[in-house]
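User: I'd like to practise reading a fold with you. Could we go through it feature by feature, general idea before the case at hand?

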Amino acid sequence: MATKKVTSNKASAWDEHSKLGRAVVELNEINRTHGVDMRGGKKYTMVKDRVEIFRKHFHLDLGIETFIEYCDDTFVRMKAIITERVKFGDTYHIRVIGSGHAEELRGSTNVNKTSALENAETGAIGRALASIGLAGGEYASANEMEAVSRKEEVQKSPPPKATPTEKVEPVKEAEAIVINPDGVETGVVAEGEARLEDLVLEAFKTFIPTCDTDKHLDAFLEMNNEPIKVLQNSDRWDEFCELGKRQRVRIKQVTKGDTDE
């Protein structure tokens, strides 16, 4: 019996001749072959893999920027944006082409006991990439969706309302830019009653421990003269200085251990 080969004339949802189209095609293939299995038989491609594909196809034509929108002892909220540099006449402008947010509760998991900020940043980047088509199988990150139930439990109680006698003064928004040890800018924005110096210190608490040599630490601090000035004039200065001293002690201990071996 003769067989008839049927071919589909259906156009691809993505133009494979464009950078984004090629990136999406490669991501879909990686998701199919190496995606992490999730509930319901779906697969998810990790954010780190999607960032690699993003950089492979867009190089430095597009950028990823992250911002701390809120941070306290209970939770942290991060925002990530995808930016594009566009030239109009003789002037370059930065426009936002994608964005994403993520929140994490401190102490809700083993990871969040020490790295809630990093976890939220990763989730925000994942959702920002998803907003331009690099979803990795699911629009929301696997960690975010698994965290929904625990977030609902912790947040069952509504925040207390201000009594009629309380006068709430408007607080101006303040911001600073902290450059991480890899040279990536992170915007720190203090809204409402949040204090900029507290948020800046939280950022330094995250980034300073990743500096593995004195030279690396010196370079990181030199890049961040402006946010350091925010701490210099605040009640968090001593804590920041102690943070740096402890890291230098750790670096010496690691260096000595390597030498003894």
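Analyst: Sure, let's start with strand pairing: two strands count as paired if DSSP finds at least two bridges between them. Keep in mind that this is a predicted model. Here, Val86 stands opposite His93 in S5.

User: How many bridges join S4 to S5, and do they run parallel or antiparallel?

Analyst: Strand S4 (residues 75-88) and S5 are antiparallel, with 14 bridges joining them. The two make a hairpin with 2 residues between the strands, and Gly89 in that turn has a positive phi of about 65 degrees.

User: Let's zoom out. How many helices and strands does the chain have?

Analyst: There are 8 helices and 7 strands in the protein chain. Of those strands, 5 form an open sheet, ordered S5-S4-S3-S7-S6, and the pairing is mixed. Strand S5 (91-105) and strand S6 (174-179) are the edges, each pairing on one side only. On average, neighbouring strands in this sheet are turned by 25 degrees against each other, direction ignored.

User: Which helix packs on the sheet?

Analyst: That's helix H5 (residues 196-207), which touches S3, S6 and S7. The direction of H5 makes about 150 degrees with that of S7.

User: And in what sense do S3 and S7 pair?

Analyst: Strand S3 (residues 62-71) and strand S7 (residues 185-190) pair in the parallel sense, over 3 bridges. If you want to find the pairing on screen, look for Thr66, whose bridge partner in S7 is Thr186.

User: What should I keep in mind about side chains along a strand?

Analyst: The general idea is that in a regular strand the side chains alternate between the two faces of the sheet.

User: Now burial. Is Val24 buried or exposed?

Analyst: The cut-off for buried is under 20% relative accessible area. Val24 has 2% relative accessibility, so Val24 counts as buried. This residue is found in helix H1. Across the whole chain, buried residues make up 37% of the 261 residues. The accessible surface of the chain comes to about 16,800 Å², and 51% of that belongs to carbon and sulfur atoms.

User: What about Lys19, and why is it classed as partly exposed?

Analyst: Partly exposed covers the range between the buried and exposed cut-offs, under 20% and over 50%. Lys19 counts as partly exposed because its relative accessibility is 35%. Lys19 lies in helix H1 (residues 19-34). Apart from neighbours within four places in sequence, Lys19 is in contact with His57, Phe58 and Asp61. The side chains of Lys19 and Asp61 are joined by a polar contact of 2.6 Å.

User: How do I read sequence separation against distance in space?

Analyst: Take pairs and look at both numbers. Lys19 and Phe58 are 39 residues apart along the chain, with their C-alpha atoms separated by 6.9 Å. For Val24 and Gly136, the sequence separation is 112 residues and the C-alpha to C-alpha distance is 8.7 Å. Chain-wide, among contacts with a separation of 6 or more, 56% are between residues 24 or more positions apart.

User: Last one: how many disulfides are there?

Analyst: In general, a disulfide is a covalent bond between the sulfur atoms of two cysteines. A search of the whole structure finds 0 disulfides. You can still check where individual cysteines sit: Cys71 has 8% relative accessibility and so counts as buried, while Cys241, at 27%, counts as partly exposed.

Definitions and conventions: Residues numbered from 1 in each chain as written. Predicted model: local features only at pLDDT ≥ 70, side-chain atom pairs only at ≥ 80, totals over all residues. Heavy atoms only, no water. Helix = DSSP H or I, 4+ residues; strand = E, 2+ residues; numbered from the N terminus. Buried < 20%, exposed > 50% of the residue type's maximum accessible area, 1.4 Å probe, protein only. Contact = heavy atoms within 4.5 Å. Areas by Shrake-Rupley, 256 points an atom, 1.4 Å probe, with all protein chains shown as cover. Axes fitted to C-alpha atoms, helices over the stretch in contact; angles between N-to-C directions. Polar contact = N/O pair within 3.5 Å; in protein donor to acceptor, adjacent residues only side chain to side chain. Disulfide = S-S within 2.5 Å.
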